[in-house]
Amino acid sequence: MTINRRQFVQGATAAGALATVPSVAMGADTIKFGSILDTSGIFEAYGKPMEKAHILALEEINAAGGLLGRKVEMIPYDTQSNMALYTQYARRMTRRDKVDVVHGGILSASREAIRPSLRKAKTLYFYNTTYEGGVCDRNVFCVGTTPAQQSAILVPEAIKRWGKKIYVLAADYNYGQITTNWIKFYAKKAGGEVIQADYFPLNVSDFGSTIAKIQKAKPDMICAVLVGAAHLSFYRQWAAAGMKKKIPIATTTMSSGNEHKILTPSEGDGIIVCQSFSPQADFPSNKRFLAAWKKRFGHTNDIHEIAASSYDGVRLWAEGVKKAGTLDRMKVIEALESGISYTGPTGKVTIDGKTHHVTHDMHLIEVKNQTLTIAKSYSQIPPSDTQRVCNLEKNPNDTKQYEIKI
Amino acid sequence: MDLAAVVVYEILYTIAFLALISAGLAVVFGMMRVVNLAHGEFVLLGGYAAIVSHNTLGINIFVSMLVVAPLAVAVFGVVAERLIIRFLYGRLINTMLATWGLSLAMIGAFTLIFGPTTTSIKAPIGGFAVGDYSLSGYTVFIIASAIGVVLLIFGVLKYTRAGLIARGAMQSADMANAFGYDTSKVYMVTFAAGSALSGLAGGVLAPLVGIGPTAGLLYIAKAFITVISGGASVVSGLIASSGFFGIVSQAVTFATNSVIGEIGLLVAAVILLRLLPTGISGRFFRDRL
């Protein structure tokens, strides 16, 4: 078959017309949802499941007829675990794509990189990750767990089980230090005591001398606020030294990167954790979520706490839009502040209007044979750390991240 | 008293750790002057080889660590040497760039194949007690491996004909050529031997530290510091500098904490190289192995 120039031009024009028509039609009435996450690079293990959570939540919303009668279209950006890309992509989302809302950011550094520019561009922002607390900004909603929510449960429970003397091992940056302060606070409140706190840079992987020092101090338990792959060595070396049976471990961090599946059962069993999500939690809204995830992505091995809270974040935003009946930013914020809640993978999650953080259920979890078995559930724990410093009803123009003095 | 024993034990472990991760680099950099920036990834490759061979193929864990890991990395080393490094001998900057690229490519490949998370195998030896303290029995195995590695390098270089030829070729390639030895082959075998040692380190350390695609960064800086501070003599330099840094970093860690311990190691390295720019063996063990 030969094609002469005229036929070619006709064909190309027709194809071009076909290609452009739907996108014009879509562009006119989709709601634009900006998703900004590290889905490659060293934080990929956190970011990939979070992106899946965004996809799942939006597909479900669209399948149920969308929002305000319009479909929601996800515009994903992969920041490649590179903080510099956050500012660049945030600008692109607000200027070129003109998104209606932004969800994402993983490390606190990434959130702080885009928070000011999103506020300036009057684009609503949801940060759905477990973090150190204290962000007070009316344009931002923080749907993740904060340190007080974990420590308030974990520390008294551990003291009740094991004794009063705590030895803290923490990552040497703001999350580790702030969480350690909360552990000290709640230990004191429960009649216990932190006898020693050691901080480790993120690349430390040799804990031999630390393990000897711990034995010298003879604590009743270890509280671990260790972060990342290198720190995981601690659990291995602890088990290899035969310490597992002698001194028990409680931790705030294990399992947000699915660490309990990386450690062998003999290294991980018996460690207690406190978080808002467990794949083993068997209440109906979680079962439904897990089944939907499995149907969409094939397996549920990669879901972690911050993927579940990312899903909650999208759903809460959708509830806010529904209640406001418009996409106008201030109206949506006001609707969300009225105490919107959603019941999903982590149970009932309610937005606290004064702080823009969430009140949600927390679970005391035991690691058992590489699964997270819920030992006890605690209903509706408020973000009490941020509540001490932040009141957006009184100071609506606040934009600070507070360091909470205890 | 018990505590003193524990401190000595931990110091020995740190010395063994440094010696293990640096041995391969000592051969490749110390003898051949090749700055292998992919050294950390070579170590990781050994770790991955051991993990795959034990977890997936079901091979005995000691065989996986001590045989499979070094062999796999040696084979990879030969390929890398033939395809990339042999064209760049004597061109320091070019080898650095090329091996850095190799390192990035390997990190990418690990992520692609094994995923971004850390994998590991369980330590095959349990703990034992010294007085009130319980210690990791696996550490004894690591110390023994390090001693074995050092003795092996020493034995091969000093007492075998192959070692003699290798040393000769490194000192004067032209002369070795004139005697009828194929220096290109000598280089290849030496590089393979260095790679095998890196692989062994990765295999043996896998149960203690865990292996992830970017974990190579943990090894490369310390390995280079150890080898450069050690100086030109492969064996005595390696022993002297691992010993020195092991004692400094662990003593400081016990006295304070691990942050200061890491800083102590780096400060000691800076001072040492300021006082002895050619490394410890450049001053004290000249012309020894």
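The confidence score used here, pLDDT, is the predictor's own confidence in each residue, on a scale from 0 to 100. By that score chain B averages 90, with 99% of the residues at 70 or above. Within chain B, strand E1 (residues 127-130) has the lowest mean pLDDT of the elements, 79, and helix H3 (residues 61-83) the highest, 95; helices here are DSSP runs of H or I with at least four residues, strands are runs of E with at least two, and both are numbered from the N terminus. For the complex, the predictor gives an ipTM of 0.74 and a pTM of 0.78. This is a predicted model, so to speak, in which local features need pLDDT of at least 70 and side-chain atom pairs count only at pLDDT 80 or more, while totals for chains, interfaces and linings use all residues. Residues are numbered from 1 along each chain as its sequence is written, with chains lettered from A and ligands numbered from 1 in the order in which they are written.

Turning to chain A, its secondary structure adds up to 15 helices and 14 strands. The radius of gyration (taken over C-alpha atoms) is 23 Å, close to the 22 Å of the globule rule (2.2 Å times the number of residues to the power 0.38) for 406 residues, so chain A is as compact as a globular protein of that length. Along the principal axes, its C-alpha atoms fill a box of roughly 85 × 60 × 40 Å. Some 53% of the 406 residues count as buried, meaning that 20 or more other C-beta atoms, placed from the backbone, lie within 10 Å of the residue's own (12 or fewer would make it exposed, anything in between partly exposed).

Chain A is split by the domain assignment, automatic or from a database, into domain 1 (31-145 + 280-361 + 381-389) and domain 2 (148-275). Their centres, over C-alpha atoms, are 29 Å apart. Where they touch, domain 1 of chain A supplies 16 residues and domain 2 of chain A 15, with contact meaning C-beta atoms, placed from the backbone, within 7 Å. On the domain 1 side, helices H2 (44-63), H13 (305-324) and H15 (384-389) of chain A each give two or more residues.

What does chain A bring to its contact with chain B? The contact takes 33 residues from chain A and 37 from chain B. H2, strand E7 (193-200), helix H7 (208-217), helix H8 (228-231) and H9 of chain A each put in two or more residues, and H7(A) has the largest share, with six. As for H9(A) (residues 233-240), eight of its eight residues are buried, among them Phe234(A), Arg236(A) and Trp238(A). After H9(A) comes Gly242(A), with a positive phi near 75 degrees.

The largest nonpolar core has 152 residues, and Ala19(B), Leu20(B) and Ala23(B) touch the most other members; such a core is a set of buried Ala, Val, Leu, Ile, Met, Phe, Trp, Tyr and Cys residues joined through C-beta atoms within 7 Å. Helix H1 (residues 2-31) of chain B gives the most to this core, 19 residues. Beyond its neighbours within four places in sequence, Ala19(B) contacts Ala146(B), Val149(B), Val150(B), Leu238(B) and Ser242(B). Another core, of 61 residues, lies apart from the largest one and includes Ile61(A), Val99(A), Tyr127(A) and Tyr311(A).

How values were computed. Contact = placed C-beta atoms within 7 Å.
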